[in-house]
Amino acid sequence: MAKTYDPNNIFARILRGEIPCKKVMETEHALAFHDINPQAPTHILVIPKGPYVDMDDFTAKASEAEIAGLFRAVGEVARQAGAVEPGYRILSNCGADAHQEVPHLHIHVFAGRDLGRMLAKA
Ligand code: AMP
């Protein structure tokens with residue numbers, strides 16, 4: 001079942017300029033800003049400007065230009081943060097099992113320390 005986009009979610013409000021963010025980069029299709037509760041020395045969120053709930057919604061509905069624009073922005077953010085050589089991790093939570101909190105697609109970019117292995121074993 002298709003998910004309905006909530007135009008009043010917090011990232012939609014950031015995109016409209018209604019609440020502030022610590023902007024890192026902005027392009028035609030993407031906005032990157034620092035996470036308010038960083039989990040690593042570098043913790044940046046990269047979001048599409050279009051109204052997409054999550055990765056499922058985005059990959060089903062977004063244009064090629066929007067998809068390319070978002071992923072180019074992720075790579076550029078990591079380069080600008082100087083994270084390529086020591087390494088970085090990207091992560092996007094989709095839906096309930098992944099504990100997605102904000103219903104606007106966002107890609108986390110973590111860097112600046114040893115990030116450990118992927119997931120804790122259940
Ligand atoms: P997720 O659990 O993947 O949905 O992650 C949501 C992320 O958004 C969390 O890491 C929050 O710290 C972050 N967050 C929530 N509100 C804001 C905000 N106003 N500005 C920046 N980051 C935020």
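**View 1. The side chain of H106 reaches the backbone oxygen of H104 at 2.7 Å.** This is a predicted model. H106 is found in a loop. That loop runs between β4 (88-91) and β5 (107-111). H106 has 5% relative accessibility, so H106 counts as buried. The cut-off for buried is under 20%. H106 also belongs to the residues that come nearest to the ligand.

**View 2. The ligand has 16 residues around it.** Five of them come nearest: D35, N93, E101, H106 and H108. Sorted by class, the shell holds seven nonpolar residues, seven polar ones and two charged ones. Which element gives the largest share of the shell? It is α1, with three residues. Both α1 (10-15) and β2 (30-34) supply at least two residues each.

**View 3. Oxygen atoms of the ligand pair with D35, N93 and E101.** Start with D35. An N or O atom in the D35 side chain is 2.5 Å from a ligand oxygen. Next comes N93. A polar atom of the N93 side chain lies 2.8 Å from an oxygen atom of the ligand. E101 uses its backbone instead: an N or O atom there lies 2.6 Å from a ligand oxygen. How much of the ligand does the protein bury? Taken alone, the ligand exposes 510 Å², and the protein buries 86% of that.

**View 4. The ligand sits in the largest pocket.** Look here for the residues of the earlier views. D35 and N93 face the ligand with side-chain atoms at the distances given above, while E101 does so with a backbone atom. H106 and H108 are also among the nearest residues.

Methods
Residues are numbered from 1 along each chain as its sequence is written. This is a predicted model: local features need pLDDT of at least 70, side-chain atom pairs count only at pLDDT 80 or more; totals for chains, interfaces and linings use all residues. Side-chain values use heavy atoms; hydrogens and water are left out. A residue is near a molecule or strand if one of its heavy atoms lies within 4 Å of it. A polar contact is a pair of N or O atoms within 3.5 Å; within protein, one must be able to donate a hydrogen and the other to accept it, and residues adjacent in sequence count only if both atoms are side-chain atoms. Accessible areas come from the Shrake-Rupley method with a 1.4 Å probe; for residues, only the protein chains shown count as cover. On a 1 Å grid over the protein atoms alone, a cavity is a set of points where a 1.4 Å probe fits but cannot get out, and a pocket is an open set with protein on both sides within 12 Å along at least five of seven lines; lining residues have an atom within 4 Å of a point. A molecule sits in a cavity or pocket if more than half of its atoms lie within 2 Å of its grid points. Helices (H or I, at least four residues) and strands (E, at least two) are DSSP runs, numbered from the N terminus. Ala, Val, Leu, Ile, Met, Phe, Trp, Tyr, Cys and Pro count as nonpolar, Asp, Glu, Lys and Arg as charged, and the others, Gly among them, as polar. Buried means under 20% relative accessible area, exposed over 50%, partly exposed in between (1.4 Å probe, protein chains only).
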